[in-house]
Amino acid sequence: MARLTEADRTAFRELTARGWVQSPAEQSPAIVEQTTAGRERYCRWATFAARFYRGSKPVRFVGSHWKL
């Protein structure tokens, strides 16, 4: 388990005391405008947000085919 520095502890305490406030620019768009520009903005947002995905994507190579 990682040990926190005193600066990290202070920042964590401040964050938990005031709560985390998300700006409207950081929030997921609830409604996508049905225009070309609106769809483009949503696609750019979704592309940017996908960079933060840290999950695992398993690749299952199973079988006896010669290409595997």
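Start with the whole chain: of the 68 residues in the protein, 1% are buried (buried means under 20% relative accessible area, exposed over 50%, partly exposed in between, with a 1.4 Å probe and protein chains only). This is a predicted model, where local features need pLDDT of at least 70, side-chain atom pairs count only at pLDDT 80 or more, and totals for chains, interfaces and linings use all residues. Residues are numbered from 1 along each chain as its sequence is written, and side-chain values use heavy atoms, with hydrogens and water left out.

Switch on a surface next. Its accessible area comes to about 7100 Å², and carbon and sulfur atoms hold 58% of that (Shrake-Rupley method, 1.4 Å probe; for residues, only the protein chains shown count as cover).

Now go to cartoon view. You'll find two helices and zero strands (DSSP runs numbered from the N terminus: H or I over at least four residues for helices, E over at least two for strands).

**Stop one: helix α1**

Select residues 6-18, which is helix α1, and show glutamate 6 and arginine 9 as sticks. Their side chains form a salt bridge, 3.4 Å from N to O (the term asks for a side-chain nitrogen of Lys or Arg within 4 Å of a carboxyl oxygen of Asp or Glu). The two sit three residues apart, about one turn of the helix. Colour by accessibility and glutamate 6 comes out partly exposed at 48%, while arginine 9 is partly exposed at 33%.

Keep glutamate 6 on screen and add arginine 13. Here is another salt bridge, with the closest N and O atoms 3.9 Å apart. Arginine 13 has a relative accessible area of 48%, so it counts as partly exposed.

**Stop two: helix α2**

Move on to residues 36-50, helix α2, and pick glutamate 40 and arginine 44. What is the N to O distance in the salt bridge between glutamate 40 and arginine 44? It is 2.9 Å. The two are separated by about one helical turn because they lie four residues apart in helix α2. Glutamate 40 is partly exposed at 42%, whereas arginine 44 reaches 58% and counts as exposed.

Before leaving, reselect Glu6, Arg9 and Arg13 together: salt bridges with shared partners join them into one network. A search of the whole structure finds three salt bridges.
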